[in-house]
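Trainee: Could you take me through one helix pair in this model, up close? I'd like to know how the two helices lie against each other and what sits between them.

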Amino acid sequence: MRAVIVAAAVAFIISLFGTPVAIRVFTALKAGQPIRSVGPASHQGKKGTPTMGGVAFIVATVLAYVAGHAALATLPEAQIAQVPPTMTALVLLGLFVFCGAVGFLDDFLKVRKRHSGGLSAKGKLLGQLLVGGGLGVVALFWKSTNGQTVASEHISFIRDISFLDVGKVGSVLVFVFVIMSMSNGVNLTDGLDGLATGASILVLGAYTLIGFWQYRHWCGDTAYTGRYCYEVRDPLEVALIAAAAAGACVGFLWWNTSPARIFMGDTGALGLGGLIGGLAIATRTTLLSIIIGGLFVIITMSVVIQIISFKTTGKRVFRMSPLQHHFELAGWSEVNIVVRFWIVAGICVAIGLGLFYSDFLRVMG
């Protein structure tokens, strides 16, 4: 537990004091966020706010992982945490960094063109496909000494569903789908000051708890004598990385809350989505992540519903999509929307954690 706390604390401090540096650097580089003319009129006042802020909390998370492992190496529990870096860490941090890199390219093109277009939708999806496919293969084919892989050949809810075996190829496809879906879900949620950051903190906090709980009841721990254990790989690593990312996002939120001094941009949104998708796969909670990340799902579905409705009937269900902009045009203040959506995200996380723990009680009972 000490290593998890160290990672979260180090990430928070680096992000809190590193983000102002990023603000100055991106301001000097004139890396201001272009604003779409078709968006809410109130957003025009945000034009020129530095973007690409996701770089700050991605770097903070990676450095905090190193610090957390330095603390872990001094503890007896390091014996069952494996020698760093573990494959789980490489996959999760790889998703964070490389999905973030796809977003960085998109942000860079927006800044360079002084236009909100950026990378084309096909280009963005292709980048996510390459990252998800490459790391999906690693997650499915590289085994630990006890035969465990980061990902599973089964579809999972709270653990693997035995009769839903999709094989290695199917699992890589599922891996890619989860990463792309969650990346784009967080990206669509980003758009109001602090909204995606705060929601991500709640989800990452949930995966910190799930990862640590699985570590305390892990089949790979020979000292564990309980009736039920979790067949996962490197659960302490999962908890450590989730905690580091959550801590980094808390530090970033200090500067990203309304009125935002810096935006995470697609750099942060795609990176966070990739990491959250990876955490879901590594903890065998793929379907449960739909509930834990419920706010991202709701906002994504608002876009899907809007597109389907307009293309089939010519009418819009919402004043504007994603959903947060609908409420802006309905007269809600930005702060009210953000706080209320955080509440929705918190409720989804609470329900997800409740289902996770109730399953453990059911099995133990």
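Mentor: Sure: H6 and H12 run roughly parallel to each other, since their angle falls in the class under 35 degrees (over 145 is roughly antiparallel, 65 to 115 roughly perpendicular, the rest oblique). Keep in mind that this is a predicted model, where local features need pLDDT of at least 70, side-chain atom pairs count only at pLDDT 80 or more, and totals for chains, interfaces and linings use all residues. Residues are numbered from 1 along each chain as its sequence is written, and side-chain values use heavy atoms, with hydrogens and water left out.

Now the geometry. Helix H6 covers residues 195-216 and helix H12 residues 334-364 (DSSP runs of H or I, at least four residues, numbered from the N terminus). Their axes come within 9 Å and cross at roughly 15° (lines fitted to C-alpha atoms over the stretch in contact, with angles from 0 to 180 degrees between N-to-C directions). That crossing is right-handed (the near helix is turned clockwise from the far one by less than a right angle).

As for what touches what, contact means heavy atoms within 4.5 Å. H6 brings in Leu195, Gly198, Ala199, Leu202, Val203, Ala206, Leu209, Ile210, Trp213 and Gln214. From H12 come Val338, Phe341, Trp342, Ala345, Gly346, Val349, Leu353, Phe356, Tyr357 and Phe360. By type, the residues of this contact split into 17 nonpolar, three polar and no charged (Ala, Val, Leu, Ile, Met, Phe, Trp, Tyr, Cys and Pro count as nonpolar, Asp, Glu, Lys and Arg as charged, the others, Gly among them, as polar).

Notes. Helix = DSSP H or I, 4+ residues; strand = E, 2+ residues; numbered from the N terminus.
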